[in-house]
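User: I have a protein on my screen and would like to walk through it with you. Could we take it one question at a time?

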Amino acid sequence: MKKILVTFILISMLAPCSFAQKKDTKAVLNNIHQRKSVRTYSDKKVSDEVVTELLKAAMAAPTGMNVQPWYFVVLRDTSQYDRIFESNGNMRMFKESSVVIVLCADTTVTRSPRNNPNAPAVTTPNAIWRDDMGACTENLLLAAEAYGLGACWTACYPFPDRMNSIKKHLNLPANVVPYSVVPIGYPRLDEKPKDKWKPEKVHYGRW
Ligand SMILES: Cc1cc2nc3c(=O)[nH]c(=O)nc-3n(C[C@H](O)[C@H](O)[C@H](O)COP(=O)(O)O)c2cc1C
C-alpha cells in the first residue's frame with residue numbers, strides 16, 4: 001500500500017512538468033507552421049512595446065561565432081517611404097503596414113586574431129553575415145506570428161536598386177548593408193499558411 005502511495009505521489013509530481021513540456025512544444029511548432037507571408041494589414045497600430053518584443057526575438061537568433069552583426073531601423077513615417085523605398089515593388093505593403101523594420105548587417109567583424117587574443121583587434125570581412133541575417137529575419141517573422149500579427153520578408157540584399165535608396169536615405173555607414181525589409185501590421189484578411197511538407201525531399205543515410 002505504502003509503495004503504491006509513493007508511486008502515485010511521484011507520478012503526480014512529475015506529470016505537470018511533462019504536460020507543460022508537451023503543451024509548449026505544441027504551441028511552438030504550431031506557431032512555426034502557422035507563419036505565412038501576410039501582405040495586407042488593417043489600420044490597427046502595432047504598439048511600440050510589441051515592436052520591442054519583436055526586436056528582442058530577432059536578436060535572439062544564432063550567429064556564427066556569436067558576432068550578432070545586425071542593426072535595425074524602425075520606420076513609421078509613411079511620408080518618407082517614397083524616398084527610402086524608391087521604385088521598390090513592395091511599396092503598397094510598406095505603406096499599408098503599421099511599422100516597417102529594415103534589418104541591416106555590419107558586413108565586417110572586428111576582433112583579436114584567434115591565435116593571439118592579446119593582439120590588437122583587426123577588422124576583416126565577415127563571410128557569413130547573410131546566414132546570420134536570415135536567421136534573424138525568420139525569428140522576427142515567428143515572433144510577429146506569435147503576436148497574431150501579419151508580416152512579410154521582402155528582399156533587399158543583394159539588389160542594388162532596393163539597397164541604394166535605403167542606404168542613402170537612412171544614412172547607413174559604409175560597412176552596413178540593408179539585408180531585408182519587413183512590413184508588419186494586424187492582418188486584414190484571414191490568410192492561411194502553405195503546407196510545404198514533402199517527404200520525398202528527405203534522404204536518410206545518403207542521397
Ligand atoms: C529572401 C526572401 C525574399 C523575399 N522577398 C519578397 C518580396 O520582395 N516581396 C514579397 O511579397 N515577398 C517576398 N518574400 C516572401 C516569399 O514570397 C514567401 O515567403 C513565399 O512565397 C512562401 O510563402 P510563405 O512565406 O507564406 O510561406 C521573400 C521571402 C524570402 C525568404
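What follows is a set of questions and answers on this predicted model.

User: Let's start with the overall build. In what pattern do the helices and strands follow one another along the sequence?

Analyst: Happy to start there. This predicted model has six helices and seven strands. Read along the sequence, they give the pattern α-α-β-α-α-β-β-β-α-β-β-α-β.

User: What share of the contacts with a separation of 6 or more comes from residues 24 or more positions apart?

Analyst: For context, the protein has 207 residues, and 25% of them count as buried. Among the contacts with a separation of 6 or more, the share from residues 24 or more positions apart is 78%.

User: Is strand β7 largely enclosed or largely open?

Analyst: Strand β7 covers residues 176-185. A residue counts as buried when 20 or more other C-beta atoms lie within 10 Å of its own. Nine of the ten residues in β7 are buried, so the strand is largely enclosed.

User: Which residue of β7 stands opposite V99?

Analyst: Strand β2 (residues 99-106) runs antiparallel to β7, and eight bridges join the two. Within that pairing, V99 stands opposite I184.

User: And which residue of β7 is the bridge partner of A155?

Analyst: Two short pairings help here. Strand β5 (residues 150-151) is joined to β7 by two bridges in the antiparallel sense, and there G150 has G185 as its partner. Strand β6 (residues 154-155) also pairs antiparallel with β7 over two bridges. In that second pairing, the partner of A155 is S180.

User: How far apart are the end C-alpha atoms of helix α5?

Analyst: Helix α5 takes in residues 129-146, which is 18 residues. At 1.5 Å a residue the helix should span 26 Å, and the model agrees, because the distance between its end C-alpha atoms is 26 Å.

User: Just after α5, which residue takes a positive phi?

Analyst: Inside α5, the buried residues include W129, M133, L140 and L141. Just after the helix there is a residue with a positive phi of about 75°, and that residue is G148.

User: Which two residues have the most contacts inside the largest nonpolar core?

Analyst: Nonpolar side chains tend to be buried together in soluble globular proteins. Here the largest nonpolar core has 35 residues, and those with the most contacts inside it are L103 and L140. The elements that give two or more residues to this core are α2 (48-58), α4 (91-96), β2, α5 and β7. To name the pair once more, they are L103 and L140.

User: Leaving aside neighbours within four places in sequence, what is L140 in contact with?

Analyst: L140 is one of the buried residues of α5. Leaving aside neighbours within four places in sequence, its contacts are L54, A57, A58, I101 and V182.

User: Which residues are around the ligand?

Analyst: The shell divides into three nonpolar, three polar and three charged residues. By name, the residues around the ligand are K36, S37, R39, N90, C152, W153, T154, A155 and K194.

User: How far is P193 from K36 in space, C-alpha to C-alpha?

Analyst: P193 lies in the segment after β7 and counts as exposed, because 12 other C-beta atoms are within 10 Å. Not counting residues up to four places away in sequence, P193 touches H33, Q34, R35 and K36. P193 and K36 are 157 residues apart in sequence, yet their C-alpha separation is 4.9 Å.

User: Is P187 exposed, partly exposed or buried?

Analyst: P187 also sits in the segment after β7. Leaving aside neighbours within four places in sequence, P187 is in contact with V38, Y41 and G150. Because P187 has 17 C-beta neighbours inside 10 Å, it counts as partly exposed.

User: Which residues does a cis peptide bond join?

Analyst: Most peptide bonds are trans. The one to look at here involves P158, in the loop between β6 and α6 (160-169). With omega of about 10°, the cis bond joins Y157 and P158.

User: Last one: what is phi of N66?

Analyst: Most residues other than glycine have a negative phi. N66 is in the loop between α2 and β1 (70-75), and it counts as exposed because it has 7 C-beta neighbours inside 10 Å. In the same loop between α2 and β1, Q68 has a positive phi of about 50°. For N66, phi is also positive, near 55°.

Technical notes. Residues are numbered from 1 along each chain as its sequence is written. This is a predicted model: local features need pLDDT of at least 70, side-chain atom pairs count only at pLDDT 80 or more; totals for chains, interfaces and linings use all residues. Helices (H or I, at least four residues) and strands (E, at least two) are DSSP runs, numbered from the N terminus. Two strands pair if DSSP finds at least two bridges between them. A residue is near a molecule or strand if its C-beta atom, placed from the backbone, lies within 6 Å of it. Ala, Val, Leu, Ile, Met, Phe, Trp, Tyr, Cys and Pro count as nonpolar, Asp, Glu, Lys and Arg as charged, and the others, Gly among them, as polar. Two residues are in contact if their C-beta atoms, placed from the backbone, lie within 7 Å. The expected span of a helix is 1.5 Å times one less than its number of residues. A nonpolar core is a set of buried Ala, Val, Leu, Ile, Met, Phe, Trp, Tyr and Cys residues joined through C-beta atoms within 7 Å.
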